[in-house]
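Trainee: I have a structure open on my screen and would like to talk it through. Shall we take it step by step?

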Amino acid sequence: MSAPDPDPAPQCIVLIGFMGSGKTTVGRVLAHQLGWKFCDTDHRVVKTAGKEIPRIFAEDGEDAFRKIESGVLNSLAGSDRIVVATGGGVVTRPENIPLLRAIGFVVWLDAPEEDIFQRVSRNKKRPLLQTENPRETVRTLLATRAPLYQSAADCVIQTHGFNWHSVIRIIHQRADQYFSNPPPA
Ligand code: S3P
């Protein structure tokens, strides 16, 4: 009989996807069900900067926001038993992709433009969508980012037509499969 593994591999789940795809809602519940910690990278950025996201964008620019966001990802490397919800633009910095993958199992919550627009139009806190034609902005950003989400993800979940409860159940199943047979480091 072999001895139990004294140092099991760390397990983390990272949620990526466009604004309004449900990362924070799903991540919070998933973490609670697993008994893991929950981290929202946007919240960490706000804490680090000492101001809300619209003010970071307005006073310091998007690049300053992205630098802090990459620092937050770096700080999460080596974490164990944590669910991370990321900001929708995290994949736009190429150096973030290996950082995301180093944290853990990366799940893309892939929602169609229509669902996203319905959800984000209720909230005016997203600086990138304060444009004359937010619908067009969503469409353009989504087209640019979809291949980036795809390249970062271990698993894609098409959320359209599913409630959050079903999405979470699918993540549990996929994560079980992934952690029972993780790719070589
Ligand atoms: C952004 C998404 C936001 C936040 C910031 C920029 C983006 O997070 O990080 O406003 O570039 O898509 P959510 O995806 O949680 O809305």
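Trainee: How many salt bridges does a search of the whole structure find?

Mentor: Happy to help, and a word on the model comes before the count. This is a predicted model, where local features need pLDDT of at least 70, side-chain atom pairs count only at pLDDT 80 or more, and totals for chains, interfaces and linings use all residues. Residues are numbered from 1 along each chain as its sequence is written, and side-chain values use heavy atoms, with hydrogens and water left out. With a salt bridge taken as a side-chain nitrogen of Lys or Arg within 4 Å of a carboxyl oxygen of Asp or Glu, the search of the whole structure gives 13.

Trainee: Lys51 and Glu59 meet in a salt bridge; is Lys51 buried or exposed?

Mentor: The N to O distance in that pair is 2.9 Å. Buried means under 20% relative accessible area, exposed over 50%, and partly exposed in between (1.4 Å probe, protein chains only). Glu59, at 46%, is partly exposed. Lys51 has a relative accessible area of 15%, so Lys51 is buried.

Trainee: Which residue forms a salt bridge with Arg139?

Mentor: Side chains of opposite charge can pair when their charged atoms come close. Here the closest N and O atoms are 2.7 Å apart, and the partner of Arg139 is Glu136.

Trainee: What distance separates a polar side-chain atom of Lys23 from an oxygen atom of the ligand?

Mentor: A polar contact is a pair of N or O atoms within 3.5 Å (within protein, one must be able to donate a hydrogen and the other to accept it, and residues adjacent in sequence count only if both atoms are side-chain atoms). A ligand oxygen is 2.6 Å from a side-chain N or O atom of Arg145, and a ligand oxygen lies 2.8 Å from a polar backbone atom of Gly88. For Lys23, the distance is 2.5 Å.

Trainee: How much of the area that the ligand exposes when taken alone does the protein bury?

Mentor: Accessible areas come from the Shrake-Rupley method with a 1.4 Å probe; for residues, only the protein chains shown count as cover. Taken alone, the ligand exposes 390 Å², and the protein buries 94%.
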